[in-house]
Amino acid sequence: MQRADQLMPAGRGILPMLASLKLTLATFVFLGVSIVLAYFNEVRTSPWLILSLSLLSLNLLAAIATNRHFRRQAPLMIFHLALLAIVILIAIGRLTYFKGRAEVVEGESFTGEFVEVDAGPWHPSGVEQAAFTNLGTRIRYAPGPVRLGTENNVGWVDESGKLQQAVIGDHTPLIRNHYRFYANWTKGFALMFGWQPAQGEPMRGSVNLPSYPANALTQARQWSLPGSAEPVWAALQFDDEPVPEGGGEFRLPARYVVVVRQGEQRWEIPGDRGIVHLDLPGGRLTYLGLRTWMGYQVAWDRTMHWLLAAATIAVLALGWHFWRKFTARPWND
């Protein structure tokens, strides 16, 4: 029977291999390739990215376990433990993060629908509980026009049942259920319609036109009505500029015409006409008016504060290490 001490060399051989600097270098190269692949892939959190971060965590953990120099010096030990925490937190963040882009019409509520979504495979659901209402937007422009800032007024009901309001913008978010909603640069016009199918319940909704002024020449959109086989096309036409070149605030056009087309049928609805009913083969489409919509960047990442804390500890520990090293002997040596 082998003695216990005869079994130790094999065990000691695995940890040094995991802690080697060669593996560290190879892991960093693997991590870089994984990041590039994730950047150009629709799936941002790939198995290769998680695998490279896991290997880097094992490498750091093995280095801490095998290097006596770390254990004898508290600053180095704290620094490497903080570095290990950063790598683990990055891996958790990539598995659980959420990013999205939503559009909410003025006077309407956010219902959990997104134009674009990018999320980790372990992201917990709950964004539909972050309800709020778009109460109106003020967007100021300098001559050019150059956007100066966005002030979006939002309202919501808190946990106690009280109505709350706040003004958010590019750098001031609304935080609901740990989701951060930023009012970004995208905004535009929304055509409000009601639809009464030949058979079924009436419904109401909006057709959000492309963002303005980024798509000033393509203020049109096609969509399909429930129960109708042929799609509907609508466009907004106006002469006055909603974004003044000499500076001012973004606004609805004073005079405009809404053009609606389905198949061979075509209607022109002046902006001052009010509510207009259009009889289509599958039912009645009612034009209700023109509003604006606001675009929101939505983010969820519970690891950010922990990453900041771990990075702060790592920097302080490294500073402590070098302070002890340089003060161990006189400066005039």
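A residue is taken as buried when its relative accessible area is under 20%. In the predicted model described here, this criterion applies to several positions of helix α6, namely L307, A310, A314, A317 and H321. Helix α6 spans residues 304–326 and comprises 23 residues. The distance from its first C-alpha to its last is 33 Å, close to the 33 Å expected at 1.5 Å a residue. The cover over the buried residues of α6 includes helix α5, residues 74–96.

A buried position also occurs in helix α3, residues 47–66, where S52 is found. The relative accessibility of S52 is 1%, so this serine counts as buried. Apart from neighbours within four places in sequence, the contacts of S52 are with T27, F30, L31 and S34.

In soluble globular proteins, nonpolar side chains tend to be buried together. In the present model, the largest nonpolar core contains 28 residues. Within this core, the residues with the most contacts are L191, V260, L285 and Y287. At least two core residues are supplied by each of β3 (133–142), β7, β10 (232–238), β12 (256–262), β13 (265–270), β14 (276–280) and β15. When neighbours within four places in sequence are set aside, L191 is in contact with G205, S206, V207, L209, A234, V258, Y287, G289 and L290. Y287 thus appears both as a contact of L191 and among the residues with the most contacts inside the core. A second core, separate from the largest, has 19 residues, including A102, F181, M294 and Y296.

Aromatic side chains were examined across the whole structure, and 15 aromatic pairs were found. In one of them, the ring centres of F110 and F114 lie 5.5 Å apart with the planes at 75°, so the arrangement is edge-to-face. F110 is buried, its relative accessible area being 4%. In another pair, the rings of Y179 and W300 have a centre separation of 6.2 Å and an interplanar angle of 45°, so the pair is classed as tilted. This pair links distant parts of the chain, with Y179 in strand β7 (residues 179–197) and W300 in strand β15 (residues 283–300), 121 residues apart. Y179 and W300 are both buried. These four aromatic residues belong to one aromatic cluster, formed by F98, F110, F114, F132, Y179, F181, Y296 and W300. Two members of this cluster, F181 and Y296, are also included in the second nonpolar core.

Charged groups are likewise placed over aromatic rings. The charged end of R94 sits over the ring of Y97, at 4.2 Å from the ring centre. For R261, the charged end sits over the ring of W233, and the distance to the ring centre is again 4.2 Å.

Strand β3, one of the contributors to the largest core, pairs with strand β4 (residues 146–157) in the antiparallel sense over nine bridges. In this pairing, I139 stands opposite T150 of β4. The two strands form a hairpin with three residues between them. In the turn, G144 adopts a positive phi of about 150°. Strand β3 is further joined by two bridges to strand β11 (residues 248–249), and these strands also run antiparallel. Here Y141 stands opposite G248 of β11.

Terms used. Residues are numbered from 1 along each chain as its sequence is written. This is a predicted model: local features need pLDDT of at least 70, side-chain atom pairs count only at pLDDT 80 or more; totals for chains, interfaces and linings use all residues. Side-chain values use heavy atoms; hydrogens and water are left out. Rings of Phe, Tyr and Trp (its six-membered ring) pair if their centres lie within 6.5 Å; planes under 30 degrees apart count as stacked, over 60 as edge-to-face and the rest as tilted. Buried means under 20% relative accessible area, exposed over 50%, partly exposed in between (1.4 Å probe, protein chains only). Helices (H or I, at least four residues) and strands (E, at least two) are DSSP runs, numbered from the N terminus. A charge sits over a ring if NZ of Lys or CZ of Arg is within 6 Å of the ring centre and within 35 degrees of the ring normal. The expected span of a helix is 1.5 Å times one less than its number of residues. Contact means heavy atoms within 4.5 Å. A nonpolar core is a set of buried Ala, Val, Leu, Ile, Met, Phe, Trp, Tyr and Cys residues joined through side-chain atoms within 4.5 Å. Two strands pair if DSSP finds at least two bridges between them.
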